[in-house]
Amino acid sequence: MRASDVVVVGSGMAGLTAALAAAARGRSVTLAARGAGALAIGGGCVDLLGYVNGRIVRGNPLDSIGLLPEGHPYRIIGAQAVRDALDFFEDVCRRHDLPMSNEGGENVWIPTILGTFRPTWLCLASQDRRLLAQAEKIAAVGVRSLKDCHAGMVVRMLGRQKNLQGKPIVSLELPSPFGATHRNITPLDLARFVDTEQGEEWLRRGLEPHASSGTAFLLPPVLGIVRTREIWNRLSEGLGCRIMEMASTPPGVGGLRIRRVLTDALAEAGVVMAENVRAVRARVQGNRCLSIECEAPDRMRELRGESFIIATGGFFGGGLLAEPGRAREALFGLELDAPDLVEDWSTPNVFDAQPYACLGVRVNPRLNPVDAAGAVLWENVFFAGRSLAGYDFVAEKSGNGVALASGYHAAQQC
């Protein structure tokens, strides 16, 4: 049995942020982690709000929060809470040498390995597409045996972008540093290799013959996980050109960079991480939670606390469970407002906002779970991240933004 001021369940963006923010307030914190969390498959940016009702958000996304439905997490906690969370996160990243920022006051459009662009709020300087606009020539870089990133396709898609037309756009394939392998390699394999001196030198030698002051190299996310900023600066200065990274499919190199920063900060703050445990049930008495029972490889564990932040994710992460005509939260067994007919959980157009994506736990402004009448169920329990009702993170491009903001806000209530 372990007792803490705050028990956080979940190790994604919401859980890690909540644990760190609670520790920053002087609370003793235990974090129960089942695995690496969704950051392990994430792109490494903070999407705040890219679309509202299918329309691109223009200007500062914070100014568009008022356009969202009342039950949206941003509306519930308020724009100031979102601003505070972003400031907190930026400061943590800056102190751990992974500066993520937004200098323009509006969404940044970043390139993807499909040769398209998508909106985000906080990203590394190496992902801002404005670097492409400043370049005289663009070289999309692939690596032999690297799956899911084909330089030729990137070149074809970039050639359709109006603001890039007239610029020479070419493809460049580097030899695999691993030679012939029994499987295709991933950006994560390369990022771990480039984190070494040998790997950085391999990348520098591959790019150097094609470098010029007007060239922008467009790479998969391979600039390391631990030394990303250092490698980017050294290559950019040494080659005398612009070095950019594209957002990629899982495994999420960018997300693992953020996770590394947050877990390092948690270790510095003295947060206890109970790893490889699965929260299975909550023990409650009256309107308070007493503990969370967890399955560990060796035995059952009971985590006691004064406050509990639940950031166990949605249907994908196992925080929400679905059955025919029914959906519920996994830990406390809360029933969700799911349509009776399963066919009403989705809409025919896959690009529309989906009803099932908005299923989640109903909360008040403190993020306590509430019943249909708005009454608090457990006064020392707070939900954060994908477990929350009222938003479609895919359609809105708001996933890490809601996770970050709600995790931070929940910690302020403890």
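Start by selecting Leu20: this residue is buried, at 7% relative accessible area, where buried means under 20%, exposed over 50% and partly exposed in between (1.4 Å probe, protein chains only). You're looking at a predicted model, in which local features need pLDDT of at least 70, side-chain atom pairs count only at pLDDT 80 or more, and totals for chains, interfaces and linings use all residues. Residues are numbered from 1 along each chain as its sequence is written, and side-chain values use heavy atoms, with hydrogens and water left out.

Now show what surrounds Leu20. Beyond its neighbours within four places in sequence, Leu20 is in contact (heavy atoms within 4.5 Å) with Phe88, Val92, Leu262, Ala265, Leu266 and Ala269. Draw a C-alpha to C-alpha distance to Phe88: 9.8 Å in space, for 68 residues apart in sequence.

Next, widen the selection to helix H1, where Leu20 sits. Helices (H or I, at least four residues) and strands (E, at least two) are DSSP runs, numbered from the N terminus. H1 covers residues 13-24, and its end C-alpha atoms are 16 Å apart, in agreement with the 16 Å expected for twelve residues at 1.5 Å a residue, the rise being multiplied by one less than the number of residues. Eleven of the twelve are buried, among them Met13, Leu16 and Thr17. Step just past H1 to Gly26, whose phi is positive, near 85°.

Finally, zoom out to residues 5-402, listed by UniProt in an unreviewed entry as "domain: FAD-dependent oxidoreductase 2 FAD-binding"; UniProt positions follow the numbering used here, feature names are shortened, and annotations may be inferred rather than shown by experiment. That span is 26% helix and 22% strand, with its end C-alpha atoms 24 Å apart.
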